[in-house]
Amino acid sequence: MRVVTGVVGNDVHVVANRLIDISLKERGFEVFNLGVNTYLEEFLDAVIETDADILLISSLNGEAEGWCRDLAILKSGYDIDERVLFVIGGNLTVGEMSAEELIPRYEAYGFDLVFHQVDLNEGLDILENRMRERLR
Ligand code: B12
């Protein structure tokens, strides 16, 4: 299964990105890592170019909302397979906001799975379960 990943917007936090890359590969995914400072358009181009099953975006500096709120509008301009799973995780806001408050907002932007301050392995377990359900 193919995954496009990277860190969205003007975000230089690279450590989680490296761990995500390693963890996904260990779980058997084929990974296309665009690294830090990646714009939404670049992610969508890569999803098309690699025929990816999953787009997994990471954001740590709190600015994800500004970069991602137009995802649904942008997606509609691309010929993206509706089975592609859109995932985002990391620190998804500046300061304090509960996951209960944040998740519906990101879902409205066009994400299928949203992980705010969730442990990486826990999130990847949930992702793998979701992909298994989809294949049934
Ligand atoms: C190192 C660091 C930096 C370094 C980054 C160096 C580099 N190239 O990586 C430098 C000094 C450059 C930096 C800069 C900034 N930083 Co900084 N930085 C940190 C710090 C200390 C550690 C981050 C790190 O590497 N952690 C280790 C990794 C392994 O953990 P992680 O990043 O949390 O990732 C885990 C989870 O989030 C999760 N995860 C991540 N993505 C995903 C995705 C999915 C799908 C899932 C399931 C899970 C998941 O899994 C990872 C592994 O467990 C944190 C504070 C902290 N202690 O966490 C602040 C922190 C992330 N930085 C912060 C900020 C605000 C900034 C700056 C804006 C500061 C400034 N005013 O200039 C700038 C932003 C620069 C930019 N344009 O992005 C804030 C973000 C606050 C927020 N989101 O509300 C933090 C939390 C500090 C704080 N408490 O305020 N930073």
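**A five-stranded sheet, its helices and a ligand**

In this predicted model, five strands form an open sheet in the order β2-β1-β3-β4-β5, and the pairing is parallel. The two edge positions go to β2 (30-33) and β5 (113-116); each has a single partner strand, so one side of each has no neighbour in the sheet. On average, neighbouring strands here are turned by 15° against each other, if direction is ignored.

At the β5 edge, β4 and β5 run parallel and are joined by four bridges. Take I88 as a place to look: its bridge partner in β5 is V114. Elsewhere on the sheet sits helix α2 (residues 40-50), which packs against it and touches β1 (2-7), β2 and β3. The direction of α2 makes about 160° with that of β1.

Next comes a pair of helices, α1 (residues 15-26) and α6 (residues 120-135). Their axes come within 11 Å and cross at roughly 45°, and α1 and α6 are therefore oblique to each other. The crossing of α1 past α6 is right-handed. On the α1 side, the contact is made by L19, I20 and S23, while α6 brings L120, N121 and L124. Sorted by class, that contact between α1 and α6 has four nonpolar residues and two polar ones, with no charged residues.

That leaves the ligand. It is surrounded by 24 residues, and the closest of them are V15, A16, G62, G89 and G123. Two or more residues of this shell come from each of α1, β3 (54-59), β4 (85-90) and α6. So the two helices that cross each other turn up again around the ligand, together with two strands of the sheet, β3 and β4. As for the make-up of the shell, twelve of its residues are nonpolar, ten are polar and two are charged.

Notes:
Residues numbered from 1 in each chain as written. Predicted model: local features only at pLDDT ≥ 70, side-chain atom pairs only at ≥ 80, totals over all residues. Axes fitted to C-alpha atoms, helices over the stretch in contact; angles between N-to-C directions. Parallel < 35°, antiparallel > 145°, perpendicular 65-115°, else oblique. Left-handed = near helix turned anticlockwise from the far one by under 90°. Contact = placed C-beta atoms within 7 Å. Nonpolar A, V, L, I, M, F, W, Y, C, P; charged D, E, K, R; others polar. Near = placed C-beta within 6 Å. Pairing = 2+ DSSP bridges.
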